[in-house]
Amino acid sequence: MTLGIIIQARMGSTRLPGKVLRDISGKPLLGHVLGRLQMLMRPARIVVATSSASENDMVEAWCLEHGVSCFRGDETDVLDRYFQCAKSLGMSDIVRLTADNPFTDIEELERLIDLHQRQGFDYTHAFGQLPIGVGAEIFTFEALSRSHREGKLPHHREHVNEYFTDRPELFKIGQLDVPPAKISPELRLTVDTEDDWRRACALVARGGGNWLGTEEAIRLCSSSA
């Protein structure tokens, strides 16, 4: 199998415009997302999928400057962007990440991929228990193709995973169980608002340049609450 990791990124965020290249401790948000993936032990094809809108030229330029693969597709039809990207690169299983989640738990991502492959799931996720922005999801190219072919509603096109969740009877779906110490579903570790960005800056600074683990991030947020 060819494992792919597609990171969706665009400059046109409504609540925090330009956030994917916004600085956090001397590095853009997208750089933190990609840097964290360096801890992944298994080989994977990593690509940033942005849109063809001109405002995203700077995303492509940053990727080229830093030796990161970049794919450009539809601005609003994110499902098509994922499908075309995965198809063009021959991916058999695709991890979906977003460029506003700098604290993805790589240990749990490894376990997620292993569960997905071992159990032969079509779609597997690690949502609902981990802090918001820490979990991930993975799906087969066949499941993505079916979603792309049959998911016609606007929210299916805008959100890659929603045909899976709308029609669970069509897919073999798995959910990762996470350790109790990492359960904190009310904690926001994504970056979608000014408050989120300030929290991320504080966590990166308090981490001393090291990649914060989920348990440590939860502890730091709890102590500062």
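Select the whole chain and show its surface: the chain exposes about 10200 Å², and carbon and sulfur atoms supply 51% of that area. Keep in mind throughout the tour that this is a predicted model.

**The whole chain**

With the chain still selected, switch to a cartoon view, where nine helices and nine strands can be followed. The radius of gyration is 17 Å, close to the 17 Å that the globule rule gives for 225 residues, so the chain is as compact as a globular protein of that length. If you turn the C-alpha trace along its principal axes, it spans about 45 × 40 × 30 Å. Of the 225 residues, 53% count as buried, and among the contacts between residues at least 6 apart in sequence, 69% join residues at least 24 apart. Now colour the charged side chains: there are 26 positive and 32 negative ones, and the centres of these two sets lie 1 Å apart.

**Helix 1 and the loop of Lys 19**

Next, select residues 29-36, which form helix 1. How many of the eight residues of this helix are buried? Eight of the eight are buried, so helix 1 is largely enclosed by the rest of the structure. Among these buried residues are Leu 29, His 32 and Arg 36.

From Leu 29, move to Lys 19, because Leu 29 is one of the residues in contact with Lys 19 once the neighbours within four places in sequence are left aside, as are Ser 13, Asp 100, Val 191 and Asp 192. Lys 19 sits in the loop between strand 1 (3-8) and strand 2 (23-24). Is Lys 19 buried or exposed? With a relative accessible area of 7%, Lys 19 is buried.

A short step along the chain takes you to Ser 25, in the loop between strand 2 and strand 3 (27-28). Ser 25 is partly exposed, with a relative accessible area of 48%. The backbone is worth a look here, since phi of Ser 25 is near 55 degrees, a positive value in a residue other than glycine. For comparison, most residues other than glycine have a negative phi.

**Helix 3 and the glycine after it**

Now select residues 78-88 to show helix 3, which is mostly covered, with eight of its 11 residues buried. Its buried residues include Val 78, Leu 79, Tyr 82, Phe 83 and Cys 85.

Just after helix 3 comes Gly 90, which takes a positive phi of about 65 degrees. Gly 90 belongs to the loop between helix 3 and strand 6 (93-98), and at 43% relative accessibility it counts as partly exposed. If you draw a distance from the C-alpha atom of Gly 90 to that of Ile 6, which is 84 residues away along the chain, you should find 12 Å.

**Strand 6 and Val 95**

Continue into strand 6 and select Val 95. At 0% relative accessibility, Val 95 counts as buried. Which residues does Val 95 touch, not counting those up to four places away in sequence? They are Leu 3, Gly 4, Ile 5, Ile 6, Leu 109, Ile 113, Glu 137 and Ile 138. Val 95 and Glu 110 are 15 residues apart in sequence, and their C-alpha atoms are 11 Å apart in space.

**The loop of Val 134**

The next selection is Val 134, found in the loop between strand 7 (123-125) and strand 8 (137-140). Although it lies in a loop, Val 134 is buried, with a relative accessible area of 2%. Leaving out residues up to four places away in sequence, Val 134 touches Phe 103, Thr 104, Asp 105, Leu 189 and Thr 214. The C-alpha atom of Val 134 is separated by 14 Å from that of Asp 192, 58 residues apart along the chain, and Asp 192 is already familiar as a contact of Lys 19.

**The cysteines**

For the last stop, show the cysteine side chains. How many disulfides does the structure hold? It holds zero. Cys 70 is in no disulfide, and the nearest cysteine sulfur, that of Cys 63, is 4.4 Å away, whereas a disulfide needs two cysteine sulfur atoms within 2.5 Å. Cys 70 is partly exposed, with a relative accessible area of 24%. Finally, select Cys 221, whose sulfur is 13 Å from the closest cysteine sulfur, in Cys 201, too far for a bond. Cys 221 is buried, with a relative accessible area of 14%.

Definitions and conventions
Residues are numbered from 1 along each chain as its sequence is written. This is a predicted model: local features need pLDDT of at least 70, side-chain atom pairs count only at pLDDT 80 or more; totals for chains, interfaces and linings use all residues. Side-chain values use heavy atoms; hydrogens and water are left out. Buried means under 20% relative accessible area, exposed over 50%, partly exposed in between (1.4 Å probe, protein chains only). Helices (H or I, at least four residues) and strands (E, at least two) are DSSP runs, numbered from the N terminus. The radius of gyration is taken over C-alpha atoms; the globule rule is 2.2 Å times the number of residues to the power 0.38. Contact means heavy atoms within 4.5 Å. Accessible areas come from the Shrake-Rupley method with a 1.4 Å probe; for residues, only the protein chains shown count as cover. Lys and Arg count as positive and Asp and Glu as negative; His and the chain ends are not counted. The place of a charge is taken as NZ of Lys, CZ of Arg, CG of Asp or CD of Glu.
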